[in-house]
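Q: Please choose a single part of this model and look at it closely. I am a first-year student, so go one step at a time and show how that part connects to its surroundings.

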Amino acid sequence: MWRTGRGRHSSLADDLSRTHWYQGPDLDGLGFSTMTERPDDPAPHPHATEAEVEAALKDTKLAQVLYHDWEAETYDDKWSISYDQRCIDYARGRFDAAVGPAPLPYGRALELGCGTGFFLLNLMQSGVAKSGSVTDLSPGMVKVALRNAQNLGLDVDGRVADAETIPYDDDTFDLVVGHAVLHHIPDVELSLKECLRVLKPGGRFVFAGEPTTIGNAYARRLGNITWKATTGITRLPFLSGWRRPQEELDESSRAAALEAVVDLHTFDPGQLEAMARSAGAVEVAAHTEEFAAALWGWPVRTFEAAVPEEKLTWRYRMAMYRAWIGLSWLDENVMRRIVPRQFFYNAMITGVKPGGSGK
Ligand SMILES: C[S@@+](CC[C@H](N)C(=O)[O-])C[C@H]1O[C@@H](n2cnc3c(N)ncnc32)[C@H](O)[C@@H]1O
């Protein structure tokens, strides 16, 4: 994840290193209710027991629910997610990059793996769809997404739902979207088939924020090198103020083990297109973004995760953000012409359900 630009997929190790999942804070005392939109939906379960965490190491969907239920209430702050122009522009930019010029707005839209609603709520604010349904495997995330939608005055309902078995009737939606979710779903083609089932003929799906296979390889390699270098050099006595407490660093290492449980896939853009066609979609197109921005951004954000937060001043953060914007411009205007698409870090895919007469 590139925190300031919101172009990313999640890194569980980084999430946990900052948030102490294992010692989960007591959210009950903070007045969070356990209500969800539908009485038959499961309630959020923010306090995982040790036994549940142990079981989650062998069960990717349980891991998703426990982890995302725990972090739902703090997710927007942690990832600098907002519902103002910055994130509206970011979400709309990804949609436009995937789809190109399209007649808007769509009528009813569905989001899979909505998290706190970052993608669909911001797309709706930008005029992409009139009404929406947010869904996620995590009840805690659905609850926060619905609260965000209500605060924004958007026409949105929500359900706890597995993207492999979407609990809506055939031909219900005009648009299905998702951000940073496909790489968490065990059977991606099954999920795309489900999208096509619930779409009306001519309806479109758009998924963005997915890691490419090559991008993920260099991002992880650069991240590991930066982590080792930063945690190594800050052992020097005169740099000790830049070292995070050892227990936090140890927790990051433990958390890295869980990443393999929830981050299931990386994608080659050509294979992603083939999978969407095999699911039954037409007008399929994959697009990729971020090459220089990712090569630079991953070491930077790993460095940030390895040092105490108070060392990162506002001026530093603004400088990094501006650099990211500049490198993203370079990627779009120069790198795109000379670097093959599979080398970019972020993938997106779109396709259409056959049988419609246009949008
Ligand atoms: C990395 S988060 C992204 C959240 C949000 N889309 C965003 O971009 O901020 C992935 C989300 O997918 C959800 N998820 C994982 N597996 C899922 C599945 N099989 N069906 C539905 N949601 C799932 C998780 O609970 C989590 O909220």
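**From the ligand to the sheet**

A: By class, the residues in the shell around the ligand are ten nonpolar, nine polar and three charged. The model is a predicted one, and the description below follows it from this shell to the central topic, the sheet. The shell has 22 residues, and H68, G113, G115, A163 and H179 come nearest to the ligand. Two elements, α3 (60-71) and α6, give two or more residues to this shell.

Helix α6 offers a way onward. It covers residues 118-125 and packs with helix α5, residues 85-99, the two axes being 8 Å apart. The angle between these helices is about 95°, and α5 and α6 are therefore roughly perpendicular to each other. On the α5 side the contact is made by C87, I88, A91, R92 and F95, and on the α6 side by F118, F119, N122, L123 and Q125. Sorted by class, the residues of this contact are seven nonpolar, two polar and one charged.

Now the sheet itself. It is open and has seven strands, in the order β3-β2-β1-β4-β5-β7-β6, with mixed pairing. At the edges stand β3 (156-160) and β6 (282-289); each has a single partner strand, so one side of each is left without a neighbour in the sheet. Ignoring direction, neighbouring strands are turned by 15° against each other on average. Helix α5, already met as the partner of α6, packs on this sheet and touches β5 (199-211), β6 and β7 (346-352). The direction of α5 makes about 115° with that of β5.

The pairings can be read one by one, starting from the edge strand β3. Strand β2 (residues 129-136) is joined to β3 by five bridges, and the two run parallel. One example is T135, whose bridge partner in β3 is R159. Strand β2 is mostly covered, with six of its eight residues buried. On the other pairing of β2, five bridges link it to β1, again running parallel. There, R108 has S131 of β2 as its bridge partner.

Next in the order comes the pairing of β1 with β4. Strand β1 (residues 106-111) pairs with β4 in the parallel sense over three bridges. In this pairing A109 is matched with L175 in β4. Strand β4 then continues to β5 through six bridges, and these two also run parallel. F173 has L199 as its bridge partner in β5.

How many of the residues of strand β4 are buried? Strand β4 spans residues 173-179, and seven of the seven are buried, so this strand is largely enclosed by the rest of the structure. A residue is called buried here if 20 or more other C-beta atoms lie within 10 Å of its own.

That cut-off also helps with a residue of the helix that packs on the sheet. V99 is found in helix α5. It has 19 other C-beta atoms within 10 Å, and because a buried residue needs 20 or more, V99 counts as partly exposed. Leaving out residues up to four places away in sequence, V99 touches R204, V206 and T350. V99 and H287 are 188 residues apart along the chain, while their C-alpha atoms are separated by 9.3 Å.

Another helix lies over the end of the strand order that holds β7 and β6. Helix α11 (residues 269-279) lies across these two strands and runs at about 155° to β6.

A second helix pair can be set beside that of α5 and α6. Helix α12 (residues 292-306) packs with helix α13 (residues 314-338) at an angle of about 155°, their axes being 7 Å apart. That makes α12 roughly antiparallel to α13. Among the residues that meet are W296 and V300 in α12, and W324 and L327 in α13. By class, this contact has ten nonpolar, two polar and one charged residue.

Finally, the whole chain gives the setting. The protein chain has 13 helices and seven strands. Of its 359 residues, 45% count as buried. Among the contacts with a separation of 6 or more, residues 24 or more positions apart account for 81%.

Key:
Residues are numbered from 1 along each chain as its sequence is written. This is a predicted model: local features need pLDDT of at least 70, side-chain atom pairs count only at pLDDT 80 or more; totals for chains, interfaces and linings use all residues. Axes are lines fitted to C-alpha atoms, for helices over the stretch in contact, and angles run from 0 to 180 degrees between N-to-C directions. Helices (H or I, at least four residues) and strands (E, at least two) are DSSP runs, numbered from the N terminus. Angles under 35 degrees count as roughly parallel, over 145 as roughly antiparallel, 65 to 115 as roughly perpendicular and the rest as oblique. Two residues are in contact if their C-beta atoms, placed from the backbone, lie within 7 Å. Ala, Val, Leu, Ile, Met, Phe, Trp, Tyr, Cys and Pro count as nonpolar, Asp, Glu, Lys and Arg as charged, and the others, Gly among them, as polar. A residue is near a molecule or strand if its C-beta atom, placed from the backbone, lies within 6 Å of it. Two strands pair if DSSP finds at least two bridges between them. A residue is buried if 20 or more other C-beta atoms lie within 10 Å of its own, exposed if 12 or fewer, and partly exposed in between; C-beta atoms are placed from the backbone.
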